[in-house]
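Before reading on, take a moment to look over the sequence and the fold below. The paragraphs after it go through the interior first and then turn to individual residues and rings.

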Amino acid sequence: MAKIVYLTMVFATFLAAFLMVEQGEAFTCGTTLQERTKQLCDPFHRGEQQEPSAECCNSLKAFRDTAKTREERIELCRCVQDRSNRNRAGVPAPDARIPKIDALPAKCGLPFIYSADRKFDCNTVN
């Protein structure tokens, strides 16, 4: 009987410790943060602004920071490609937007990790 009580207490301790560990949020496409980033950066993508706004850059950084693992960065790349290559109606976006989208990380002082161009292989992302 003492063994059962002891093992139950050990199991309960491990279970409590596991539940107390905060699980990180995995990257998912279509989040509110992604939509906010798109909204804030669209004036730059469309050529209405010569430079991206500080709000655009801050939002882009926060959005990119959600992709912590290589697999999540690959998914981020695919997500950006999918969303960049169509407009709201699902019709392919003009090719002229892709260079603006690709220039955004450098303009915001962020390292290059992906391209919005569908010819870019997202599997090469580190």
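What follows is a walk through this predicted model, starting from its core.

The largest nonpolar core has 23 residues, and those that touch the most other members are F27, L60, L76, V80, L104, C108 and Y114. Two or more residues are given to this core by each of helix 2 (32-45), helix 3 (54-65), helix 4 (70-84) and helix 5 (97-107), with helix 4 providing the largest share, 5 residues. In soluble globular proteins, nonpolar side chains tend to be buried together.

One member of this core, L60, can serve as a point of entry. When its neighbours within four places in sequence are left aside, L60 is in contact with T37, L104, P105, C108, L110 and Y114, and of these contacts L104, C108 and Y114 are themselves listed among the core residues that touch the most other members. Beside L60 in the sequence stands S59, which lies in helix 3. S59 has a relative accessibility of 2%, and because buried means under 20%, this residue counts as buried. Not counting residues up to four places away in sequence, S59 touches L33, R36, T37 and L40.

Helix 5 shows how burial can be arranged around a helix axis. Its buried residues include R97, I98, I101, L104 and P105; seen down the axis of helix 5, the buried residues fall within an arc of 115°, so they line one face of the helix. An α-helix has 3.6 residues a turn, so residues three or four places apart point the same way. The buried residues of helix 5 pack against helix 2, helix 3 and helix 4, whereas P99 and A106, on the other side of helix 5, are exposed. After helix 5 comes G109, whose phi is positive, near 75°.

Aromatic rings give a last set of details. A pair of aromatic rings is described by the distance of the centres and the angle of the planes. In this model the count comes to 1 aromatic pair, formed by F112 and F120, whose ring centres are 5.9 Å apart and whose planes stand at 90°, so the pair is edge-to-face. Of these two residues, F120 has a relative accessibility of 23% and therefore counts as partly exposed. Another ring, that of F44, has K100 lying over its face, at 4.1 Å from the ring centre.

Note on methods. Residues are numbered from 1 along each chain as its sequence is written. This is a predicted model: local features need pLDDT of at least 70, side-chain atom pairs count only at pLDDT 80 or more; totals for chains, interfaces and linings use all residues. Side-chain values use heavy atoms; hydrogens and water are left out. A nonpolar core is a set of buried Ala, Val, Leu, Ile, Met, Phe, Trp, Tyr and Cys residues joined through side-chain atoms within 4.5 Å. Buried means under 20% relative accessible area, exposed over 50%, partly exposed in between (1.4 Å probe, protein chains only). Helices (H or I, at least four residues) and strands (E, at least two) are DSSP runs, numbered from the N terminus. Contact means heavy atoms within 4.5 Å. Rings of Phe, Tyr and Trp (its six-membered ring) pair if their centres lie within 6.5 Å; planes under 30 degrees apart count as stacked, over 60 as edge-to-face and the rest as tilted. A charge sits over a ring if NZ of Lys or CZ of Arg is within 6 Å of the ring centre and within 35 degrees of the ring normal. The arc is that of the directions from the helix axis to the C-beta atoms.
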